[in-house]
Structure formats: structure tokens, C-alpha cells
Amino acid sequence: MFITTVANPTVAIVDRAISASQLLGVPYIERLNKTVVQMQREKEDFETIVVYAMTSRLVRLNQPDLFYHPSMGHVRIKRMLNGEIERMIAICDIKQGDKVIDCTAGLCSDSLVFSHAVGEQGTVIAIESNPILFTIMSDGLNNYEGELSEVVEAGRRINLLHADHFQYLSQCSDKSVDVVYFDPMFDEPLHDSQSMQPLRGIANEQHLTTLTIEQAIRVAKKRVVMKNNRGSHTFANLGFESVIHGGTNISYGVIEVE
């Protein structure tokens, strides 16, 4: 892997690219007048992070680019602003001022919605174990600009950490957050979900364990919630007391800890 920039980058973009290269321990290469494909062929390296004005993209051969974009998070927040009930927020019983740990940040869509829901007085800690995904999402959250200020501000407030969620939870104090949330890679992938395609092969596909759920129960004041396929046996295997259908293909397992 190597890191480069968009053509004709600003000093700020170059600085971000150099910082990303230092964080990941991979080379930074000046773009000059070459295309990314030309650079990849010369280096015989077909995995590249390209830093743009508002985000960074992981560019790979024959795969869709991976980058931060509010996507459905934008749509969901817009609906909330219009007074609609957001299913995930209702199931997690999120209130303004709450503290949430999203243990599986991924593309940060759920974290973004949590951040909007808890507001300026609340806290969202999002955990991402993959260093490449963490780097790209962190850069996007800090630099994305969009037409809806509430979405931009919610992204800026997310505290994205590069960590293993079990180890992080193990270090948290008892009853120190309101909700602990998991959205692991589904037991049965939703093949019609275009937004998830870039994550294949990079996201942490390790299954949750009962030890992790035990830590989550210890840390949460209100609820531990997990999203997965509708009808998944994982809910029962991990001790989730109730399962609430959240849509055509998904459900949420809930453990009340109050």
C-alpha cells in the first residue's frame, strides 16, 4: 500500500496524506502528473489511499472505492429533523445527553445517527479495529462538508478510536455509558446492500462472543443492542432477551440492564 493525493493538492491535503502515511507506516508518494492507475502499475501495488479535499479513498483493483460519506446517515438524520421516528434510536432508547459506545464503527452511518440523537451534550465513542478503515473514516469525519449542517456537526462530534472493542470495553468502568451497540458483519450478507460492498475483505468479520457481551452488560446503564439478520440464531446464542424487527431483512437484539 502507498498513499498519495488528488491532483494539484493544497498544502493541507499533503499534510493529511503525510499524517496518514505515518499513522499506517506506509509510503507517501507525490502525485505529480500521473494517474493513480499509472502509479499503481509502476509500484506494482494496487492498494492505494488517495487524499481528497473532503475525504480519503481506498482505491483497489477491480473493487469499489472505500470512503466516508454520510449516505443513509444523511437521509436518516433528515427524516429525524422532519419529526419521523428513527427505528434504531427508539430501540436503543437514546435520549439527548446520552453516552453511547458503537463497538463496530464501520462506515460510521449508525454512529452519525447516534451523534445527532444525543446532541451536543451527549457523547458517541465509535470503535474501529481495522487501521485502514479507521484512517479513512477519521479523515472523512473531520473534513467532510455537506449541505446539511446537522450532519456535518454530528460527524465532527464522533470520537472515533482505533481499538479492539473487547479490550476497550474491558477497560471501561461499570455502568459508565448508557448504551453499548454492535453492528457486526451479518451472518448472511445482504447482497443487495451496495454500501456494504467496499467493506468486504477489510471489515473485521470476527464473530461476537459471550465474553464481549458480558463486558457490554457490565459497562451499559440502560441497554446492550445488536443488529443482525432477521431470524439470526446469534441473538439467542449471545443471550439477547428480546428481538425487535427493524426492517425487511434486519432485527435488533436487546438486553435491558437497568
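Which residue in β2 is the bridge partner of Thr4? In this predicted model, that partner turns out to be Val50. The two strands involved, β1 (residues 2–5) and β2 (residues 47–51), run side by side in the parallel sense, with 4 bridges between them. As for the side chains of β1, Phe2 and Thr4 head one way, while Ile3 and Thr5 head the other. Neither direction leads out to solvent, as Phe2, Ile3, Thr4 and Thr5 are all buried.

Zooming out, β1 and β2 belong to a protein chain whose secondary structure adds up to 10 helices and 11 strands. Along the principal axes, the C-alpha atoms take up a box of roughly 60 × 35 × 35 Å. The radius of gyration is 19 Å, and this agrees with a compact globule because a chain of 258 residues folded that way would come out near 18 Å.

The contacts and burial fill in the rest of the picture. Of the contacts between residues at least 6 apart in sequence, 68% bring together residues at least 24 apart. Buried residues account for 50% of the 258 in the chain, with the four residues of β1 mentioned above being among the buried ones.

On the outside, the protein chain shows an accessible surface of about 12,600 Å². Carbon and sulfur atoms contribute 49% of that surface. As for charge, the chain carries 23 positive and 32 negative charges, and the mean positions of these two sets lie 2 Å apart.

Key:
Residues numbered from 1 in each chain as written. Predicted model: local features only at pLDDT ≥ 70, side-chain atom pairs only at ≥ 80, totals over all residues. Heavy atoms only, no water. Buried < 20%, exposed > 50% of the residue type's maximum accessible area, 1.4 Å probe, protein only. Pairing = 2+ DSSP bridges. Rg over C-alpha atoms; globule rule 2.2 N^0.38 Å. Contact = heavy atoms within 4.5 Å. Areas by Shrake-Rupley, 256 points an atom, 1.4 Å probe, with all protein chains shown as cover. Lys, Arg positive; Asp, Glu negative; His and termini not counted. Charge placed at Lys NZ, Arg CZ, Asp CG, Glu CD.
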